[in-house]
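Subject: A structure for you to explore

Hi,

Here is the structure I promised to pass on to you. Have a look around it first, and then read on for what turned up.

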Amino acid sequence: MNIGESIKYWRTRKELTQKQLAEAADISEISIRKYEAGERIPKITSQAKIAAALGIPVSQLNDTLGWLKAPEYKPLERKLEQIGYTLGYNEDGYLWINYPDGPLDITMKDLEELDKDTDSYLLFKLEELRRRNTSSASSR
């Protein structure tokens, strides 16, 4: 499914007209029509606006890259979504994280480091929790 088909799929699934989606995404209705018809490909910033208006992550809207959908990145992507951020990418390998005030360009190396750091922090917090609970149990 190309991005235009994906926009149409999610728009109709959310029971929105092209006009309603355009207004919610602050994009022209003509642009939405052209994206859905495959006449134009939305820029990254437009993809982020459309995804936000549809209430879905950009990665769900733009599924043209298989490499980022590998199982090892899904937990990180879900964690980002839980805290209000989404991961975006396009077929050219361009990668970004959608912050509330706009997208931040990142590299694959940045993504790998973020994934590794997230795991390290979780292990640290789990060990801290174990120490705290072990000391609480021994003081009873």
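A good place to begin is with the contacts: among those in the protein chain between residues at least 6 apart in sequence, 48% join residues at least 24 apart. Please keep in mind that this is a predicted model.

The overall layout is easy to follow. The protein chain has 7 helices and 3 strands, and from the N terminus the order of elements is α-α-α-α-α-α-β-β-β-α. Of its 140 residues, 35% count as buried. Its accessible surface is about 8900 Å², and carbon and sulfur atoms account for 52% of that.

Now for the inside. In soluble globular proteins, nonpolar side chains tend to be buried together. Here the largest nonpolar core has 18 residues, and Ile7, Ile32, Ile50, Leu54 and Leu61 have the most contacts inside it. Two or more residues each come from helix H1 (3-13), helix H2 (18-25), helix H3 (29-37), H4 and helix H5 (58-61). H4 gives the most, with 5 residues. Another core, of 7 residues, lies apart from this one and includes Leu76, Leu80, Leu95 and Leu111.

H4 deserves a closer look. Which residues of helix H4 (residues 44-54) are buried? They are Ile44, Ser46, Gln47, Ala48, Ile50, Ala51 and Leu54. When you compare their positions, remember that an α-helix has 3.6 residues a turn, so residues three or four places apart point the same way. Just after H4 comes Gly55, with a positive phi near 75°.

Next, find H2 and H3. These helices pack at an angle of about 115°, and their axes are 8 Å apart. H2 passes H3 in a right-handed crossing. On the H2 side the contact is made by Gln18, Lys19, Leu21 and Ala22, and on the H3 side by Glu29, Ile32, Arg33 and Glu36. Leaving aside residues up to four places away in sequence, Ile32 touches Gln18, Leu21, Ala22, Ile27 and Ile50.

Finally, the strands. How do strand S2 (residues 95-99) and strand S3 (residues 102-106) run, parallel or antiparallel? They run antiparallel, joined by 5 bridges. S2 and S3 form a hairpin, with 2 residues between them. To find one of the bridges, start at Tyr99: its partner in S3 is Gly102.

Enjoy exploring, and write back with any questions!

Best wishes

Definitions and conventions
Residues numbered from 1 in each chain as written. Predicted model: local features only at pLDDT ≥ 70, side-chain atom pairs only at ≥ 80, totals over all residues. Heavy atoms only, no water. Buried < 20%, exposed > 50% of the residue type's maximum accessible area, 1.4 Å probe, protein only. Helix = DSSP H or I, 4+ residues; strand = E, 2+ residues; numbered from the N terminus. Contact = heavy atoms within 4.5 Å. Areas by Shrake-Rupley, 256 points an atom, 1.4 Å probe, with all protein chains shown as cover. Core = buried A, V, L, I, M, F, W, Y, C linked by side-chain atoms within 4.5 Å. Pairing = 2+ DSSP bridges. Axes fitted to C-alpha atoms, helices over the stretch in contact; angles between N-to-C directions. Left-handed = near helix turned anticlockwise from the far one by under 90°.
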